[in-house]
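Q: Could you walk me through one part of this structure slowly, and then show me how the rest is arranged around it? I'm a first-year student, so plain language would be great.

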Amino acid sequence: MGRPNVGKSTFLNTVIGSKISITTSKPQTTRDRILGIFDTSDAQIIFLDTPGIHQAGKALNKYMVEKALSTLSDADIAMVMTAPDETVELLSEVTAYVRTSGKEAVLVLNKADLLSQEDREKRLGALAGAGDFRSRYAVSSLTGEGIGELMNGLKNLLPEGPRFFPEDMITDAPLRFLCQELIREKVFTLTQKEIPYAAAVEVEEFREGEPTYIRAAVHVERPSQKGIVIGAGGKMLKEIGKQARMDIQRLLGTRVFLELFVKVTKDWTRKPSRLKDLGYK
Ligand SMILES: Nc1nc2c(ncn2[C@@H]2O[C@H](COP(=O)(O)OP(=O)(O)OP(=O)(O)O)[C@@H](O)[C@H]2O)c(=O)[nH]1
Ligand SMILES: [Mg+2]
């Protein structure tokens, strides 16, 4: 759990050792719960990545925050993630929900690589004032620093029980969903202003093979946005497709033929029924 952009999804990918959750430098990237399975000889820890907690106006944003909260209610421990530039006030928006849930919480200051050793302790000490934490850690999801210590701490807090998933499984997300997210990641990074927040991706056809054939639609809210996503002479859509295809090939281990379209689904971020149609349910 945490505010947008603190590095929750980057952390998940680092711990799992594979890109299962998309990450960008823009806030509100993650829109769903993404499950990652960490498995070692003596423990299996299921990490649940969530959308960042924020003040939600539109139906899509409400969906995201509700997703984060319903995921919290499924968890044994709330791992509250923060970053050096956060304040106690911002973090309190997250810890208020954690308190209501009654879950045990640990505080994780991510992006510790941006701070000196001395400043890490100071920031952790100050931010810990936002909640009631069993323990606190400073980590870097980019360098991996501090993550071993955190994992040991989590192991000690978790209840004993059998493995929930097979040892070699890393996520419960279907390939189709992962491909859709990789395409969305490219839309998010390559477009600007309101476009990333007005876009959803829907895989319409997925035929595994050599090459794997994927046809996907990028949904935007208005005709003017469609033009931007396509770009002059189709340049933008081509670049989105090129970058997504490379990531999808890596994921699937096959060559990929990716066909992308742009569709206008008027005001989909504001209409709960449209959200459902686009897979946010
Ligand atoms: N320096 C540094 N940057 C990081 C670290 N972890 C993540 N980042 C960067 O922070 C940005 C946000 O990362 P995400 O993993 O997408 O953040 P998030 O918390 O999942 O964001 P939302 O999905 O929007 O809630 C990206 O540009 C990452 O590269 C870290 O440990 N150190
Ligand atoms: Mg994320």
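**A close look, starting at the ligand**

A: Sure! Let's begin at ligand 1: it has 24 residues around it, and Gly7, Ser9, Thr10, Thr30 and Gly52 come nearest. Keep in mind that this is a predicted model. What kinds of residues make up that shell? Sorted by class, there are 15 polar, 6 nonpolar and 3 charged residues around ligand 1.

Two of those nearest residues, Ser9 and Thr10, lead us straight to helix α1, which spans residues 8–16. Both are on the list of buried residues of α1, along with Lys8, Phe11, Leu12 and Ile16. What covers them? The cover includes β1 (34–40), β2 (43–49) and β3. Just past the end of α1 you'll meet glycine 17, which has a positive phi of about 80°.

Since β3 helps cover α1, let's follow that strand into its sheet. This sheet is open and has 3 strands, in the order β3-β4-β5, with parallel pairing. Why does one side of β3 and of β5 have no neighbour in the sheet? These two strands stand at the edges and have a single partner strand each, so one side of each is left without a neighbour there. On average, neighbouring strands in this sheet are turned by 20° against each other, ignoring direction.

Now zoom in on the pairings. Strand β3 (residues 77–82) runs parallel to strand β4 (residues 104–109), and 6 bridges join them. One pair you can look up is alanine 78 with its bridge partner in β4, alanine 105. To get from β3 to β4, the chain passes through helix α3 (residues 88–101), and this β-α-β crossover is right-handed.

On to the other pair: β4 and strand β5 (residues 135–138) are also parallel, with 4 bridges joining them. Here valine 106 has serine 135 as its bridge partner in β5, while valine 108 is partnered with tyrosine 137. There's a right-handed β-α-β unit here too, made of β4, helix α4 (residues 117–127) and β5.

Next, jump further along the chain to another sheet. This one is open as well, with 3 strands in the order β6-β7-β8, but its pairing is mixed. Which strands are at its edges? They are β6 and β8 (256–264), each pairing on one side only. Neighbouring strands here are turned by 20° against each other on average, direction ignored.

Look at β6 and β7 together: they form a hairpin, with 4 residues between them. Strand β6 (residues 200–207) and strand β7 (residues 212–220) pair in the antiparallel sense over 7 bridges. If you want to trace this by eye, find glutamate 205, which stands opposite arginine 215 in β7. Then find arginine 207, which faces tyrosine 213 in β7.

Helices pack on this sheet as well. Helix α6 touches β6 and β7, and its direction makes about 135° with that of β6. Helix α9 (residues 235–252) packs on the sheet too, touching β7 and β8, and its direction makes about 135° with that of β8.

Let's stay with α6 for a moment, which covers residues 175–190 and includes arginine 184. Is arginine 184 buried or exposed? It's buried, because 23 other C-beta atoms lie within 10 Å and the cut-off for being buried is 20 or more. Setting aside residues up to four places away in sequence, arginine 184 touches Ile22, Ala199 and Val201. You can also compare it with arginine 270: they are 86 residues apart in sequence, and their C-alpha atoms are 19 Å apart in space.

Our last stop is threonine 191, in the loop between α6 and α7 (195–198). Threonine 191 counts as buried because it has 22 C-beta neighbours inside 10 Å. Leaving out neighbours within four places in sequence, threonine 191 is in contact with Pro196, Ile228 and Val229. And how far is threonine 191 from methionine 236? They are 45 residues apart along the chain, and 8.3 Å separates their C-alpha atoms. Methionine 236 is worth finding on your screen along with threonine 191, if you'd like to see that separation of 8.3 Å for yourself.

Methods
Residues numbered from 1 in each chain as written. Chains lettered and ligands numbered in written order. Predicted model: local features only at pLDDT ≥ 70, side-chain atom pairs only at ≥ 80, totals over all residues. Buried ≥ 20, exposed ≤ 12 C-beta atoms within 10 Å, placed from the backbone. Contact = placed C-beta atoms within 7 Å. Near = placed C-beta within 6 Å. Nonpolar A, V, L, I, M, F, W, Y, C, P; charged D, E, K, R; others polar. Pairing = 2+ DSSP bridges. Right-handed = clockwise from strand over helix to strand, strands pointing away. Axes fitted to C-alpha atoms, helices over the stretch in contact; angles between N-to-C directions.
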